[in-house]
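Got the viewer open? Switch to a cartoon view, and we'll take a walk along the main sheet, one selection at a time.

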Amino acid sequence: MLSLYKKIKNIFKEIISKKNITKTINYYDLGVNINSIINGYIFHKKINHIDFNYKNYFNNSFDKYGFQICRDIDDKIAHLIVKNINYFKNDILSFIGPDARLDDIYMSLYSPKDALRFGTSGAWHRDNCGHRLKLFVCIEGDGQMPTVVVPKSNVKKYKFGIREILRLFNINSTKTYGNSVSISYSTGDAALFDTQLLHRGSYEKSNSIRCVLILEFINRYKSNLISDFTPCGPGGSRNGEIKFNNSVFKILENTKLIDKEIIKEINGEYIYSINNLVD
Ligand SMILES: [Fe+2]
């Protein structure tokens, strides 16, 4: 009984917090040029040669949805990041504008055989932060686990609507949209898309492993303001962080998309976190 009460209380808290950030998101999204990325996504095949073993970055502890996340960035991954950002840099800056920053970095490993159930990212959703770009770099994949998007569905302004409320109650939709497009990335491919597009991960058709490097780009001032209430910022929240050594920091600096306002150096270690902001 107590846990049901707690659950309902959390759902109401979630609805109120999302309503509170709607104005902020829509204010900053006025500066986004959505027409610069036609249909809301870009997909390029075979732009990377992957010459390392993704297994070295993971152990065997998958969550109940079959995922493992890694934010340990070494020189090899840092070079892959820089290469792919350079490839898409004009698109990122044209879309988000001059206040764009590299907001989060992680590698995601999905193992269908370790999944006890499907996660909510497998159902249609928007990411609840308005316009924000995600760059997926496929490190290991056979194209059977695509991200499916509804082209041009990002023209709508952000709103925490009925679909998002139903998701809080675990009522999810995977229905087929006639105009949806599967971005079927295999090893070496990369895709950039606006997470304000209606999208879903299609995990149900494959039994093979998928490993992707995910980079997020957003207006830095918007992310600083909404990161208490919705997953964004380094580490996915205001208190989240990514740690780099000096060598990785120097490599990533070449992107010019690292936000110096949120980086702090302690004894040669660089901590990238919104918590480092000085008021
Ligand atoms: Fe998503």
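A quick term before we start: two strands count as paired if DSSP finds at least two bridges between them. Keep in mind, too, that this is a predicted model.

Start by selecting the whole sheet. Six strands make it up, in the order β1-β7-β4-β9-β3-β2, with antiparallel pairing, and the sheet is open. Its edges are β1 (41-44) and β2 (67-70), each of which pairs on one side only. Look across the strands and you'll see a turn: neighbours are rotated by 20° against each other on average, direction ignored.

Next, add helix α2, residues 75-96, which packs on this sheet. The helix touches β1, β3 (100-110), β4, β7 and β9 (210-219), and its direction makes about 40° with that of β9.

Now zoom in on β3. How many of its residues are buried? Nine of its 11, so to speak of β3 as mostly covered is fair. On one pairing, β3 meets β9 in the antiparallel sense over 10 bridges; pick L109 and you'll find its bridge partner, C211, in β9. On another, four bridges join β3 to β2, again antiparallel, and here C70 stands opposite M107 of β3.

While the side chains are switched on, remember that in a regular strand they alternate between the two faces of the sheet.

Last stop: select 133-140 for β4 and 190-194 for β7. These two pair in the antiparallel sense over five bridges. Click L133 and look across to β7, where D194 is its bridge partner.

How values were computed: Residues are numbered from 1 along each chain as its sequence is written. This is a predicted model: local features need pLDDT of at least 70, side-chain atom pairs count only at pLDDT 80 or more; totals for chains, interfaces and linings use all residues. Axes are lines fitted to C-alpha atoms, for helices over the stretch in contact, and angles run from 0 to 180 degrees between N-to-C directions. Two residues are in contact if their C-beta atoms, placed from the backbone, lie within 7 Å. A residue is buried if 20 or more other C-beta atoms lie within 10 Å of its own, exposed if 12 or fewer, and partly exposed in between; C-beta atoms are placed from the backbone.
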